[in-house]
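Please find below my note on the model that you asked me to look over, with attention to its confidence and its pockets.

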Amino acid sequence: MTNKTPPTEDQDSEMMDSELHKLFLDELADILSAEQQLTKALPKMAKAATSEELKAAFDSHLAETEYHITRIEEVFTSLDEPVRSKECKAMKGLLEEGKEMMEELKGSTALDAALIAAAQKVEHYEIASYGTVCAWAARLGHDEAVELLTATLDEEKAADETLTEIAENSVNEAAE
């Protein structure tokens with residue numbers, strides 16, 4: 001096992017100017033947009049849900065999502081970078097698909113199952129995104145960013161697991 005020595009000031013400056021660092025910041029801007037879009041969608045999903053457990057899960061994840069936004073802003077600040085957002089087209093598409101499902105299945109016993117499917121697509125996108133930026137932050141030596149982003153990644157995984165449990169324990173059966 002080798003000890004990783006901290007980068008020198010020159011190496012640190014080079015990392016901040018690297019293409020990977022620029023890509024990292026661009027992806028953070030994309031994730032920030034994704035989280036901002038999700039804060040607008042989750043209340044609508046909670047309102048549409050018929051399962052009280054699912055409503056509570058959406059409400060709980062809304063509070064987490066608001067904190068995820070704060071963490072991303074902290075990452076930008078820790079790197080002395082301006083906080084910026086770039087429209088996340090993937091999240092926009094996922095949320096539009098979820099909205100269509102809600103409209104098509106309104107009043108159906110399968111509505112909650114569809115809401116969970118839409119929410120899990122969002123969670124899987126977020127897990128992939130946060131996993132990527134965590135790896136890049138580690139490679140770049142952005143230790144504070146790694147810590148903040150890993151905490152969010154863990155929460156996204158937990159949210160996905162909660163949705164699976166709700167689906168398996170009640171919602172899927174009710175949709176049959």
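The points below take up confidence and then the two pockets.

1. This is a predicted model, in which local features need pLDDT of at least 70 and side-chain atom pairs count only at pLDDT 80 or more, while totals for chains, interfaces and linings use all residues. Residues are numbered from 1 along each chain as its sequence is written, and side-chain values use heavy atoms, with hydrogens and water left out.

2. The protein has a mean pLDDT (the predictor's confidence in each residue, from 0 to 100) of 91, and 90% of its residues reach 70 or more. Residues 1-5, however, have pLDDT below 50 and make one contact (heavy atoms within 4.5 Å) beyond near neighbours in sequence. Over residues 9-13 pLDDT also stays under 50, with two contacts beyond four places in sequence. Where pLDDT is low, the predicted coordinates should not be read in detail.

3. The largest pocket (on a 1 Å grid over the protein atoms alone, an open set of points where a 1.4 Å probe fits, with protein on both sides within 12 Å along at least five of seven lines; lining residues have an atom within 4 Å of a point) holds about 510 Å³ of space, a volume being the space filled by probe spheres set on the points, which are joined across faces, edges and corners. Of its 20 lining residues, Ala 41, Lys 44, Leu 95, Lys 99 and Met 102 lie nearest the centre.

4. The second largest pocket has a volume of about 190 Å³ and is lined by 16 residues, with Ala 57, His 61, Glu 64, Ala 159 and Thr 162 nearest its centre.
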